[in-house]
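Q: Please take a close look at one part of this model: the contact between the two chains, with the salt bridges that go with it. A connected account would help.

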2 protein chains.
Amino acid sequence: MKTTVHNPDLARFVEAGTLYLGATEAAELVRRQGVARCVEAIAHNIHADFMRWADFDKTARVAAHSDVGVIELMPVADAQRYSFKYVNGHPGNTRLGLSTVMAFGVLADVATGAPLFLSELTLTTALRTAAMSALAAQVLARPGSRVMALIGNGAQSEFQALAFQHLLGITELRLYDVDPAASAKLVANLQGSGLRITVCASTAEAVKGADIVTTVTADKRNALILTPEMIEPGMHLNAVGGDCPGKTELHGDILDAAKVFVEYEPQSRIEGEIQHKGADFAVTEFWQVLLGERSGRDGADQVTVFDSVGFALEDFSALRFMQQTAESLGLGERIALVPQLSDPKNLFGSLRATAAVAA
Amino acid sequence: MKTTVHNPDLARFVEAGTLYLGATEAAELVRRQGVARCVEAIAHNIHADFMRWADFDKTARVAAHSDVGVIELMPVADAQRYSFKYVNGHPGNTRLGLSTVMAFGVLADVATGAPLFLSELTLTTALRTAAMSALAAQVLARPGSRVMALIGNGAQSEFQALAFQHLLGITELRLYDVDPAASAKLVANLQGSGLRITVCASTAEAVKGADIVTTVTADKRNALILTPEMIEPGMHLNAVGGDCPGKTELHGDILDAAKVFVEYEPQSRIEGEIQHKGADFAVTEFWQVLLGERSGRDGADQVTVFDSVGFALEDFSALRFMQQTAESLGLGERIALVPQLSDPKNLFGSLRATAAVAA
C-alpha cells in the first residue's frame, strides 16, 4: 500500500520529477525580481539559517586541487533538507571564454533522498556571496558607513556593490582593479544605480577614507592586496577573494591588529585569510554574534575583518530562495533526473522489451 | 585573446553546454545496447581504470546520515576528468512509490572545471555495481563456476544475474528473498535469458552447492544473511548489500575464515562487512590483485569474499561509458547548467536590461 505524501515539494517531485532551473531561466528570475530584492531575500534566509546554526549537519567542503584550479563539493543538511553545491575556481578560464567560477547544486529531501530542485548556481553564488558580505557588515561595520572601497572589479563586484548599497546604505564606491577594463565594466554596469563612483589609480588611493573595504580579487596565490599602512581605525574589511589554500589577500599584520570573524571555523582555518595563522589565532564565528553568544565590534576604532570563504549553508539558504521564487514565477522545468518507476522494486522492468534486454 | 580549445568534449561544452542524459534516455540507451553489452563495456572501463589506480585522487565518500537513510557524495578525479555521484539509500522509500536508491552524477573537465556531462545514475549504478561484482568474480572465483545463489531479489538482482551470466558463464541461479513477490519478479524479468532458475525456500537452501553467493539485500541494519554453517570450501562470496555503517550481511566468523578483498580500504573499513573488525584485520585491495602486487585466491578450497561497498571510481568508469555511448547514439540534450557568457568577466552584464536591474 502506498503511503500518502504530505510534503508538497515531495508530492510535486513524485508527480512530475525534479524542478530544473538552468542559467538562462535563473537570469530571467533575477531580472524579474531585481538584484537588490534577490540579495535582500537571500540575506534574510541566511540570517534565519545562521540563527539556527546547531540544526545543521556541517562539513568543510571537499576539494580536488589541480595545478590550474580547484573543484569543490559543498554539502550541508538540516532535518528536512539537504543541499550541495558543485563549484570550480580556475583563474585561467577567461582565456578560453569560460567563467573563473561555475556552479550548480541540488536541494534534496532528507526523508527520502529525492532530488527536489536542480539549479544553476553561478549567478546564485554571486548573489549569496554579496548577501552574506552585506549581512556581516550590517552587524560588524560602524553604523553610518557610507563609503566602500571595492578592490577587484570582476564578475562578483556589481553584486557586492548593490548589496552594500541596498542593505547597508553605502552611497559612494571607490574602485580599483589591476585591469582598468574591469573597472570600466563595473562603472558601466552600475549606471543608473545612484551610487557615486570614483575609479582610483591604486588600492591605497581607493581604500583611503573608506568605511568598508571589500576585496574580491581572483588570483590563485598569496597576494598582498591590503597592507597595514592602508588600514584606518574603525574600518570594516570584507575579505571575499581569499578562499582556498594558497590564496589570500591580506597582510598578516592586519589580522593581528583586527578582530576577525569567520563563517565556519574548521573550513576557514584551511581556506581563509587565517590559514597562515596558528590554530590558537582567535576568531569568532559570525553566527555566535547573531545569537548574542559573542560580541561583534567592540568599539568605533576597532578594525573588523570578515574573513569570508563561502560556506555551504549560504548556498542552502540561496537554493531555498531560488526554488520558492522559481515555483511562484513558474520558471524552470520538470526533468527525470532519476527514474519515476511504476514499481520501484522493479528497476529492470522499467527497461521494458524485457526479453530482448535480457537476451 | 581567446585560446583555442583542443579537447573535443570541452569544445562541445563551450559551443552548446552540458550534455544531459535523463532517466528516460538512459533507459533507451540501455535498451538499444542491451544490458549485457553495457555491463561488459563498463567492466572493461573499470578494469582499465583500476589498473591505473595511482593516477586517481581518491577520497572516502561524504555521507549525511538521518534516522531513515543516507545521502552521499562520491567524488574522484584523475589529471583529466573529475566525477562525482549523488546517491541516497532509504529502505522505506518503496512505501511512497520511490526507489530505495536514486542517483545522478557529473563528469567534469579538470583543466577548467566545466561540467561536461550530467547523467541519471540510478540505472547506471545498477549496471556498474553488477559490472564490478562480475569483474571481481572473474579474478577471485574458482574457474568453472556455474551456479550462483542470489540472496535478495530486489532492484539490483537482474543486473547481477545477467552480469554473472555473460561475464562469468553462470548458467544456474538459486534465488531467495524474504519477499516471494521479489523472487517472482526476478524470475519473470529473466525469462528468455537462458538461465536455469530455482526459487528456494531459504537462504541456506539457495546457498547449498553454489559456486558463488551474491548477497544484495537492502535492510539498513546489521543482518545475518549468511552464517558460517552455510559456507562451503571454495565458495566466492559477492557481498554487495552491506554498504554503510550499521548495515552488514555476513556473520563475522565467515570473514575470519575467508580471504577478504575490498575496493578502497579507507572507505570499506567504515562501510563494508569489515566495519566490525579491527583496523588490523587483513584485507587486499582488488586493484593490487589486478596489477599482480598481491595474490588473489590462494587455492580451490579457499573461501573468497568481495566486500563490495561501491567506490567512486566505478561511477567514473560508468559515466565515461554513458557519455561516449550517448554521444555516439545521439541521445541526451545540451543544457545551460552554467551560463555561457559572451564576456565571462561580466556575469552581471548577462542579466541585460542592466539599468533596470541595478536600479
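A: What follows starts at the interface and then turns to salt bridges and a helix within chain A. The model is predicted.

Take the contact as a whole. Chain B gives 86 residues to it, and chain A gives 85 residues. The area buried between chain B and chain A is about 7,200 Å². Carbon and sulfur atoms give 68% of that area. Polar pairing is present too: 20 residue pairs are in polar contact across the interface of chain B and chain A, both residues at pLDDT 80 or more. On the side of chain B that touches chain A, the classes are 51 nonpolar, 24 polar and eleven charged residues.

Now the charged pairs. Side chains of opposite charge can pair when their charged atoms come close. Between chain B and chain A the count is two salt bridges. Asp179(A) pairs with Lys345(B), and the closest N and O atoms are 3.9 Å apart. Asp179(A) sits in the loop between strand S9 (172-176) and helix H6 (180-189) of chain A, while Lys345(B) sits in the loop between strand S18 (333-335) and helix H12 (354-358) of chain B, so the pair joins two chains. Asp179(A) is partly exposed at 28% relative accessibility. Lys345(B) is partly exposed as well, with a relative accessible area of 40%.

Asp179(B) forms a salt bridge with Lys345(A), again with the closest N and O atoms 3.9 Å apart. This pair also crosses between chains: Asp179(B) lies in the loop between strand S9 (172-176) and helix H6 (180-189) of chain B, and Lys345(A) in the loop between S18 and helix H12 (354-358) of chain A. Relative accessibility is 28% for Asp179(B), which counts as partly exposed. For Lys345(A) the value is 41%, and that residue counts as partly exposed.

Elsewhere, salt bridges that share partners join Asp9(A), Arg12(A), Arg81(A), Asp109(A), Glu327(A) and Arg334(A) into one network. Over all chains, the structure holds 46 salt bridges. One of them is between the side chains of Arg61(A) and Glu72(A), at 3.3 Å from N to O. It links distant parts of the chain, eleven residues apart: Arg61(A) is in the loop between strand S2 (57-58) and strand S3 (62-65), and Glu72(A) is in strand S4 (residues 70-77) of chain A. Arg61(A) is buried, with a relative accessible area of 11%. Glu72(A) is buried at 6%.

Asp9(A), a member of the network, leads to helix H1 (residues 8-16) of chain A. There, Asp9(A), Leu10(A) and Phe13(A) are buried. They share one side of H1(A), because they cover an arc of only 95 degrees around the axis. Pro8(A) and Glu15(A) are exposed on the other side. The buried residues pack against several elements of chain A, including strand S5 (81-89), strand S6 (103-109) and helix H11 (312-329). At the start of H1(A), a side-chain oxygen of Asn7(A) comes within 2.9 Å of the backbone nitrogen of Asp9(A). Just after the helix, Gly17(A) has a positive phi of about 100 degrees.

Helix H11 of chain A also holds Ser317(A). Ser317(A) is buried, at 0% relative accessibility. Its side chain makes a polar contact of 2.7 Å with that of Asp49(A). The side chain of Ser317(A) also reaches the backbone oxygen of Leu313(A) at 2.9 Å.

Terms used:
Residues numbered from 1 in each chain as written. Chains lettered and ligands numbered in written order. Predicted model: local features only at pLDDT ≥ 70, side-chain atom pairs only at ≥ 80, totals over all residues. Heavy atoms only, no water. Contact = heavy atoms within 4.5 Å. Buried area = accessible area lost by both parts, 1.4 Å probe. Salt bridge = Lys/Arg side-chain N within 4 Å of Asp/Glu carboxyl O. Polar contact = N/O pair within 3.5 Å; in protein donor to acceptor, adjacent residues only side chain to side chain. Nonpolar A, V, L, I, M, F, W, Y, C, P; charged D, E, K, R; others polar. Buried < 20%, exposed > 50% of the residue type's maximum accessible area, 1.4 Å probe, protein only. Helix = DSSP H or I, 4+ residues; strand = E, 2+ residues; numbered from the N terminus. Arc of directions from axis to C-beta.
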